[in-house]
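Student: I would like to practise justifying the labels we put on a protein model. Could you take me through the reasoning?

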Amino acid sequence: MSKTRVTDEEALAFHLEPTPGKFEISATVPMTTQRDLSLAYSPGVAVPCVAIAENPELAYDYTNKGNLVAVISNGTAVLGLGNLGALGSKPVMEGKAVLFKRFADVNSIDIELDTEDPDEFCKAVKLMGPTFGGINLEDIKAPECFIIEQRLKEEMDIPVFHDDQHGTAVICAAGLINALHLSGKKIEDVKIVLNGAGAAGIACLELLKSMGARYDNCIMCDTKGVIYQGRTEGMNQWKSAHAVKTEARSLEDAMKDCDVFLGVSAKGAVTPAMVASMADNPVIFAMANPDPEITPEEAHEVRMDAIVATGRSDYPNQVNNVLGFPYLFRGALDINARAINDEMKIACAHALAQLAREDVPDEVALAYGKNLTFGRDYIIPTPFDPRLIHRIPPAVARAGMNTGAARRPIIDMDAYELSLKSRMDPTASILRGLNARARAAQARMIFAEGDDPKVLRAAVMYQRSGLGKALVVGRKEDVKAKLEEAGLGDAVREIEVVNAANTPHLEMYKTFLYNRLQRKGFDGADIHRLAARDRHVFSALMLAHGHGDALVTGVTRKSAHVLERINHVFDADTENGAAGITALLHKGRIVFMADTLVHEWPDENDLANIAERAAVVAKDMGLEPRVAFVSFSTFGYPVSERAEKMHLAPKVLDQRGVDFEYEGEMTVDVALNEVTQAQYPFSRLTGPANILVVPARHSASISVKLMQEMGGATVIGPILSGVDGSIQICSTSSTANDILNMAVLAACKVG
């Protein structure tokens, strides 16, 4: 897989725009009328207060405690960067909070405590206990992290979990279950060597011992060598607990004939010679970040039979904590757990191991650009597996219930699994799948407007994200100056700048254009002007001649103007059945609005064409199309000649025999709301529509803009469908990220 490059400027811009930081808090109740405020605050709020004071368990019913986790750090061990202090750690803790939400729909808030004193730290966290359903400790250095976690677990009645220790341990254990299964070995028989006696290393070994690894079979090493019984140098109580009787004194000695190596230490700590000395079918988890103790290539050079995992996403078998902590907390919160105990962690590891043995869904294979099947290069599920959310938390919850950690056991496990499936936003997996397809396509993307800074930023992002080659239409000096202004001066060497003034293809382009336009009132001078000076026409000509694979334009001019220009080169008009389909993403739903670009006042045949175009776009994005022809009337009432064409369009599709669901005419609530839809049992739609075909372009435009401004919907499009070339037209208000999304759609040839 190609590695994504992120520059310092991009990272800073990402945290700065659109607002500083990575999340905000929004209300879940109405806050508009005086009555709303009286219920939300005084006097209404007094009622749940009194109820909770009498029965503290009710806090899980009447407040957000049951789905709220605090991510707490003092910044003494930040991401391998060392002691950056409390404030320096805040971006990481915000990031962790966002991961909780993204992967398991757990609300989370970051808290940075400005102290290195374990007593002060523990006191502060303990005093916050009533607010949260769980505490996730993060980036606290050893050995203080052991003291802090142990004390807080004893003193608090909610889960306290130090992810750097146990998150790593759980994923490591899951991988090891499968690696041993593949190599035909049992955990109680294998000899394990761990290098790196910090928080993560000690937690890994402790969890494996609680899963059956034998004490005498486990050797722990640190920078001073083997931790053996009787060693005095550089010891503490946590290392001493794992000291064994052994003659081995160095990592090299320890690794002779061992079955499993676990590394949470430093780059290059393991040599090929050490790997060569291991037992048959060795298991190597080289988890040092950002570079492993030994790379998979180096290990496989001396041992083809080795199973290797690392902490990196560009190698197979990534030991990634995001597979653990969101789902552990999800399961623990849903049983109002008092703690996350060893049994819950082991259940999580076994559930992850089991998932990796099953057939991988297509969308995951797509996201990785290859088929994943259980074996040496796939022993741990990928973070983008959509099954994680409904498979791991139930396993954790069951273990919590069986061990008495649950305050509220789950009665109906099937219903619980269903509720987990519906928690996650399906739009995220759709966009992720598109990104994966774009990466596989490696399209040469033509960015027509090289004089616009947003377009240039998008072009650089496209190339540096490993999606393909960025071809920018513009003047080299101009592009260079604008990139320098944007802090991306070095990118001018990476992207390709194409200028009409010095392309060898101009005469060929002009001949092609003249043949298309000579009977439409264009003479030679007009043709030269269009081909050599109009960037939209020039870019379309590049695409038509295969000098690029897809085109993104429209940021600097209104879409109607851009479409007219593209029409000089491609047949992108009503007669040829082109249509613009806009995707609206809102609260986990995706609805397509059509036509938002081409047809001003379509008749019933045009409307049928538009429906077919929209169905293609929906299928391209992995959805089963359900089309509703919408109007102000439903199935003939009220009667209006304005609505007549919406009534006739489904009949046109009847004659064409299309392979998707459609129905009409109907109002928007009948199309989208299951309860209202149920009043029309004869309707052919089997569920809420995901494509709304509207009567005219003005109604499409009004609806989209209203959803965007009032509803806060994310808008993608209009996606141009039904044209020979892969062309996407952005809006003039597009951000660099919007332009990049349109480039991804163009690369995937959506529509």
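Tutor: Gladly; we will go label by label through this predicted model.

Student: Let's start with strand 1. Why is strand 1 (residues 68-73) called mostly covered?

Tutor: Buried means under 20% relative accessible area, and 6 of the 6 residues in strand 1 are buried. Leu68, Ala70 and Ile72 point one way, while Val69, Val71 and Ser73 point the other way, and all are buried. In a regular strand, side chains alternate between the two faces of the sheet.

Student: What makes strand 1 and strand 2 (residues 107-112) a pair?

Tutor: Pairing takes at least two DSSP bridges. Strand 1 and strand 2 have 6 bridges and run in the parallel sense, so they are paired. One place to look is Val71, which stands opposite Asp110 in strand 2.

Student: How do you know that strand 1 also pairs with strand 3 (residues 134-137)?

Tutor: The test is again at least two bridges, and 4 bridges join strand 1 to strand 3, with the strands running parallel. Here Ala70 stands opposite Ile135 in strand 3.

Student: On to the sheet with the order 7-6-5-8-9-10. What makes strand 7 (225-226) and strand 10 (307-310) edge strands?

Tutor: The sheet is open, has 6 strands and shows mixed pairing. Strand 7 and strand 10 each have a single partner strand, so one side of each is left without a neighbour in the sheet.

Student: How do you know that strand 6 (residues 218-222) and strand 7 are paired?

Tutor: Their 2 bridges satisfy the requirement of at least two, so the pair counts. The sense is antiparallel, and Cys221 has Val226 in strand 7 as its bridge partner. Helix 10 packs on the sheet too, touching strand 5 (192-195), strand 6 and strand 8. Its direction makes about 160 degrees with that of strand 5; angles over 145 count as roughly antiparallel, so that label fits helix 10 and strand 5.

Student: And what does helix 9 lie across?

Tutor: Helix 9 lies across strand 8 (260-263), strand 9 (283-286) and strand 10. Helix 9 runs at about 160 degrees to strand 9.

Student: Why is helix 9 (residues 163-183) called oblique to helix 10 (residues 199-210)?

Tutor: The two helices pack at an angle of about 50 degrees, with their axes 8 Å apart. Roughly parallel needs an angle under 35 degrees, and roughly perpendicular needs 65 to 115. The angle of about 50 degrees fits neither range, so helix 9 is oblique to helix 10. Among the residues making the contact are His166, Ala169 and Cys172 of helix 9 and Ala203, Cys204 and Leu207 of helix 10. Helix 9 passes helix 10 in a right-handed crossing.

Student: Cysteines next. How do you know that Cys348 is in no disulfide?

Tutor: A search of the whole structure finds 0 disulfides. For Cys348, the nearest cysteine sulfur is that of Cys172, 13 Å away, whereas a disulfide requires sulfur atoms within 2.5 Å. Cys348 also counts as buried, because its relative accessibility is 0%.

Student: What makes a bond impossible for Cys730?

Tutor: The closest cysteine sulfur, in Cys748, is 15 Å from the sulfur of Cys730, which is too far for a bond. Cys730 has a relative accessible area of 1%, so this residue is buried.

Student: Which residues of helix 26 (residues 559-567) are buried?

Tutor: They include His561, Leu563 and Ile566. The buried residues of helix 26 pack against several elements, including helix 24 (524-533) and strand 20 (714-721).

Student: Now the backbone. What makes Asn281 stand out?

Tutor: Asn281 is a residue other than glycine, yet its phi is positive, near 45 degrees. Most residues other than glycine have a negative phi. Asn281 sits in the loop between helix 13 (272-276) and strand 9.

Student: Why is Asn281 called partly exposed?

Tutor: Its relative accessible area is 22%. Buried would need under 20% and exposed over 50%, so Asn281 falls in between.

Student: Where is Phe635, and why is Phe635 called partly exposed?

Tutor: Phe635 lies in the loop between strand 17 (626-630) and helix 28 (641-656). Its relative accessible area of 24% is also between the two cut-offs, so Phe635 is partly exposed. Phe635 has a positive phi of about 45 degrees.

Definitions and conventions: Residues are numbered from 1 along each chain as its sequence is written. This is a predicted model: local features need pLDDT of at least 70, side-chain atom pairs count only at pLDDT 80 or more; totals for chains, interfaces and linings use all residues. Side-chain values use heavy atoms; hydrogens and water are left out. Buried means under 20% relative accessible area, exposed over 50%, partly exposed in between (1.4 Å probe, protein chains only). Axes are lines fitted to C-alpha atoms, for helices over the stretch in contact, and angles run from 0 to 180 degrees between N-to-C directions. A crossing is left-handed if the near helix is turned anticlockwise from the far one by less than a right angle, and right-handed if clockwise. Contact means heavy atoms within 4.5 Å.
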